[in-house]
Amino acid sequence: MSSTYQHIRHRIEDRVARITFARPPLNVFHIEMMREITRALVESAQREIVAIVFDADKNCRSFSAGVAVEEHVQDTIFQMLDAFHSIFRQMEQIAKPTIAVVDGAALGGGCELVAACDVVIASDRSRFGQPEIKLGVFPPVAAVLLPLVIGEKRARELILTGEIIDAVEAGRLGLCNHVVPSAHLEPKLVELLSKLRELSGTSLGYARQSLDLGRGSSIEAALSEQENIYLHELMKTADANEGVKAFMEKRKAVWRSR
């Protein structure tokens, strides 16, 4: 399968879809790139696959440094959140195993994508975190998924402080399944994919669907609630707009607590 993309690469080989982020240097997700990721997921769903792999181009220093801050403004916030959340809605709809291969920073939206994946293989130099609170906003997907992945208390601490953790801590918490040297990322992925290729894609889909149901709430339902708070309450506050503006102006935010 071959399609034209500007910010990602997408290929399907031997029943595995691979979506490679290719927006150097940091793979910052903007609306166009996020729509490309969703389109690649839709195309993948039209084929018989056993897994979807997310990784980053070798010329990029990050898996993803998050969603573009300049799109957290009133003119684009609705489109930005819709484009980002469409990725997770599509992942849930496809219901096939997802794997993140992380070498470098996975921050903000990048960390949220990691949290949504079934298996995460990270290099020992990778870093993870949700720094959104430092801009006066919060991460909706992480608010839904991170407590389920790493536990309620630690998830609350990471989201409320914006702390960045290393790969060893991420592995200890369960955010990463495997932490290996960078040179061992691909061999570890090959090892995992060889196990999945021996299995029924249909059965894997039902297993993934069952796991999602066991979570207690669908991504669709949970994100709709998060979006209502984010778009119709948070983004109407002075501090949320000040945090984003301060970041773009490269200055310290002046919080007014309203």
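**Exercise 1. The length of helix H9**

At 1.5 Å a residue, what span should the 14 residues of helix H9 (residues 219-232) have, and how far apart are its end C-alpha atoms?

Solution. The structure is a predicted model, and every value used in these exercises is computed from it. Begin with the expectation: the span of a helix is taken as 1.5 Å times one less than its number of residues, so the 14 residues of H9 should span 20 Å. Then turn to the model, in which the end C-alpha atoms of H9 are 19 Å apart, a value that agrees with the expectation.

**Exercise 2. The buried side of H9**

Name the buried residues of H9, and work out how they are placed around its axis.

Solution. First list the residues that count as buried, for which the relative accessible area must be under 20%. In H9 these are Ile219, Ala222, Leu223, Gln226, Glu227, Tyr230 and Leu231. They cover an arc of only 145° around the axis, which puts them on the same side of H9. A general rule helps in reading such a list: an α-helix has 3.6 residues a turn, so residues three or four places apart point the same way. As a last step, look for what this side meets, and you will find that the buried residues of H9 pack against helix H2 (77-94) and helix H4 (140-150).

**Exercise 3. A partly exposed residue of H9**

Describe the surroundings of Glu220, beginning with its accessibility and ending with its side chain.

Solution. Glu220 has its place in helix H9, and at 40% relative accessibility it counts as partly exposed. Leaving aside the neighbours within four places in sequence, Glu220 is in contact with Arg89 and Glu92. Although Glu220 and Arg89 are 131 residues apart in sequence, their C-alpha atoms are 6.1 Å apart in space. The side chains of Glu220 and Arg89 also make a polar contact of 2.8 Å.

**Exercise 4. Helix H8 from end to end**

Carry out the length check for helix H8 (residues 201-214), and then describe its two faces and its ends.

Solution. The 14 residues of H8 should span 20 Å at 1.5 Å a residue, and its end C-alpha atoms are 20 Å apart, which agrees. The buried residues of H8 are Gly201, Leu204, Gly205, Arg208 and Asp212. These cover an arc of only 105° around the axis, which puts them on the same side of H8. What covers them includes H2, strand E5 (98-102), helix H3 (109-116) and helix H7 (185-197). The face turned away from the buried side carries the exposed residues Thr202, Tyr206, Leu213 and Gly214. At the N-terminal end, Ser200 caps H8, with a side-chain oxygen that lies 3.2 Å from the backbone nitrogen of Thr202. H8 is followed by Gly216, whose phi is positive, near 100°.

**Exercise 5. Aromatic rings and the nonpolar core**

Which residues do ring pairs link into a cluster, and which residues touch the most other members of the largest nonpolar core?

Solution. Start with the rings: the structure holds 5 aromatic pairs. One of them joins Phe21 and Phe63, whose ring centres are 5.3 Å apart with 65° between the planes, an edge-to-face arrangement. Phe21 lies in strand E2 (residues 16-21) and Phe63 in strand E4 (residues 62-64), so this pair ties together parts that are 42 residues apart in sequence. Phe21 and Phe63 are both buried, and ring pairs link them with Phe29 and Phe54 into a cluster. Next consider the largest nonpolar core, which has 67 residues, and in which Phe21, Phe54, Phe88 and Phe128 touch the most other members. H2 gives the most to this core, with 9 residues. Another core lies apart from it and has 15 residues, among them Ala51, Val101, Val180 and Leu196.

**Exercise 6. Backbone details**

Find out which peptide bond is described as cis, and compare the phi angles of Lys250 and Ser257.

Solution. The peptide bond from Pro24 to Pro25 is cis, with omega near 5°, and Pro25 is found in the loop between E2 and helix H1 (31-45). Lys250 is not a glycine, yet its phi is positive, about 55°; Ser257, also not a glycine, has a positive phi of about 55°. Lys250 counts as exposed at 76% relative accessibility, and Ser257 counts as exposed at 69%.

Notes
Residues numbered from 1 in each chain as written. Predicted model: local features only at pLDDT ≥ 70, side-chain atom pairs only at ≥ 80, totals over all residues. Heavy atoms only, no water. Phe/Tyr/Trp six-rings, centres within 6.5 Å; stacked < 30°, edge-to-face > 60°. Helix = DSSP H or I, 4+ residues; strand = E, 2+ residues; numbered from the N terminus. Buried < 20%, exposed > 50% of the residue type's maximum accessible area, 1.4 Å probe, protein only. Arc of directions from axis to C-beta. Contact = heavy atoms within 4.5 Å. Core = buried A, V, L, I, M, F, W, Y, C linked by side-chain atoms within 4.5 Å. Polar contact = N/O pair within 3.5 Å; in protein donor to acceptor, adjacent residues only side chain to side chain.
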